[in-house]
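Hi,

Here is the structure I promised to send over. Have a look, and my notes follow underneath.

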Amino acid sequence: MNRLLRPIISAFKSKDIRKKLIFTAFAFLVFRFAAHVPAPGVDNQSLKQLFAGNQFLSLLDIFSGGTLANFSIMALGLGPYINASIIFQLLTMVVPKLEELSKEGEYGRQIIGRYTRLLTIPLAAFQSFGMIAILRQQGITITTDALSITGMIITMVAGTIFLMWLGELITEFGIGNGISLLIFGGIVGRYPVAFAQTMFISETLQFTNIIVFLTMSLSVIAGICFVNEARRQITISYAKRIRGKGAYGGQKSHLPLRVNQAGVIPIIFAVSLVLFPSMIGKYLQTVSNLQIANIGKFLVNLFNPSSFSYNLIYFLLVIGFTYFYTAITFNPAKIAEEIKKHGGFIPGIRPGRPTKEFLNKILTRITFAGAIFLGIIAILPSIARGITGVTTMAIGGTGILIVVSVVLETVKSLEAQLIMRNYDGFLKK
């Protein structure tokens, strides 16, 4: 706890960082205010009753930042933007022009980011139309005419764009990753409600269930901190160089490879992707064509959060995205080339291609451990529900993972900025 608080206290002594912290806090305030501005044409009382009895919608609400249960102007949350990001990251692996853009540094990232934002708009429109169709099927929406429904869709798309813009502002002018922080804020904002439902409303709550939840929560927090901080240190040696009468080099350093190189991103991507088929299925169930309605029913049953198939797909998606994101963020070929360029080598490994193969082999092994850990955390809520029978704490380990990971990453971002401003004394014990 002292390690977490020290950088925050030290940061307020720096004028620039203090401004960033205040801006981030103000952005959170705007986000939470907008999350309670209701969209027109919805029976909010009936909506709350629907969410209270639907596990899928409760899970979707948490990852929308708590905006869906209120059906606010930002009811879709960041889901469309995350889905668009997934699509473009996949396309960069298969489309040569996008792959070239991704290698052009900041300019390429800006172009891909622009495409991602453009793709977010039709995805948000499609998702909002499907959500309205689901609510109409349940008798939640009040308005039925085409003009009013079009207005609701435009409002929800505008809310997603606003939230996306707010997240990018936090990234640029605040502290940490804005998208992750907004998801973090939504989860934290929903935890008191879920806790109150578990403690005072749930009929299946028993003392043993409380002990199980506390034990699992503490174990998950400890495990997340351990895995996030775990490193495989690769020794790098530098050969001595003779210049004139002096000898330079001959030192050793370490290349730290993180067990969880991808951080919290695989969970966010996997959740966004695994919830999408259920939403499509619920919409298809409303279609009059019997065959299409049966396809929708199949998707809903396959991706039911309490089903084995859902948890298996979720588990595999987390593992896949962990490897995928690690491959994007860490390039063994580039690292090997940099080591060779600076006259370094790994003891017992030849520079160049053998170094690249060695780094890739080590990274694959340690990423496997990190991916399995993230996958277990992802399906932990289903395990907890199976043991205790309590369904109100739907988010479980996934929410804890995001909360703890975002906190750790934000603290590291603060520490890095303090070091850049030569405030080393703030970080010393």
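Which residues have the most contacts inside the largest nonpolar core? They are I183, I267, Y314 and I402, and the core they sit in has 54 residues. Helix α11, residues 265-284, gives the most to this core, with nine residues. There is also a second, separate core of 16 residues, and I134, I149, M152 and M279 are among its members. Before you read on, keep in mind that this is a predicted model.

Next, the aromatics. The count comes to five aromatic pairs, and I picked out two of them for you.

One of them is F23 with F173: the ring centres are 6.0 Å apart and the planes are at 65°, which makes the pair edge-to-face. F23 belongs to helix α2 (residues 15-34) and F173 to helix α8 (residues 146-173), so this pair ties together parts that are 150 residues apart in sequence. Neither ring belongs to a buried residue: F23 is partly exposed with a relative accessible area of 26%, and F173 is partly exposed too, at 43%.

The other is F162 with W165. Their ring centres are 5.9 Å apart and the planes are at 45°, so this pair counts as tilted. Both residues are in helix α8, and because they are three residues apart there, about one helical turn separates them. On accessibility, F162 comes out at 28%, which is partly exposed, and W165 is partly exposed as well, with 46%.

Two single residues also caught my eye.

Is T355 buried or exposed? Its relative accessibility is 2%, so T355 counts as buried. You will find T355 in helix α15, which covers residues 353-388. Leaving out residues up to four places away in sequence, T355 touches A336, I346, I349 and R350.

I328 is the other one, and you can find it in helix α13 (residues 308-329). I328 has a relative accessible area of 39%, so it is partly exposed; the buried class would need a value under 20%. What I would look at on screen is I328 together with M93: they are 235 residues apart in sequence, yet their C-alpha atoms are 9.4 Å apart in space.

That's what I have for now. If you open the model, you could begin with helix α11 and its nine residues in the largest core, then go over to F23 and F173 for the edge-to-face pair.

Cheers

Terms used: Residues are numbered from 1 along each chain as its sequence is written. This is a predicted model: local features need pLDDT of at least 70, side-chain atom pairs count only at pLDDT 80 or more; totals for chains, interfaces and linings use all residues. Side-chain values use heavy atoms; hydrogens and water are left out. Helices (H or I, at least four residues) and strands (E, at least two) are DSSP runs, numbered from the N terminus. Buried means under 20% relative accessible area, exposed over 50%, partly exposed in between (1.4 Å probe, protein chains only). Contact means heavy atoms within 4.5 Å. Rings of Phe, Tyr and Trp (its six-membered ring) pair if their centres lie within 6.5 Å; planes under 30 degrees apart count as stacked, over 60 as edge-to-face and the rest as tilted. A nonpolar core is a set of buried Ala, Val, Leu, Ile, Met, Phe, Trp, Tyr and Cys residues joined through side-chain atoms within 4.5 Å.
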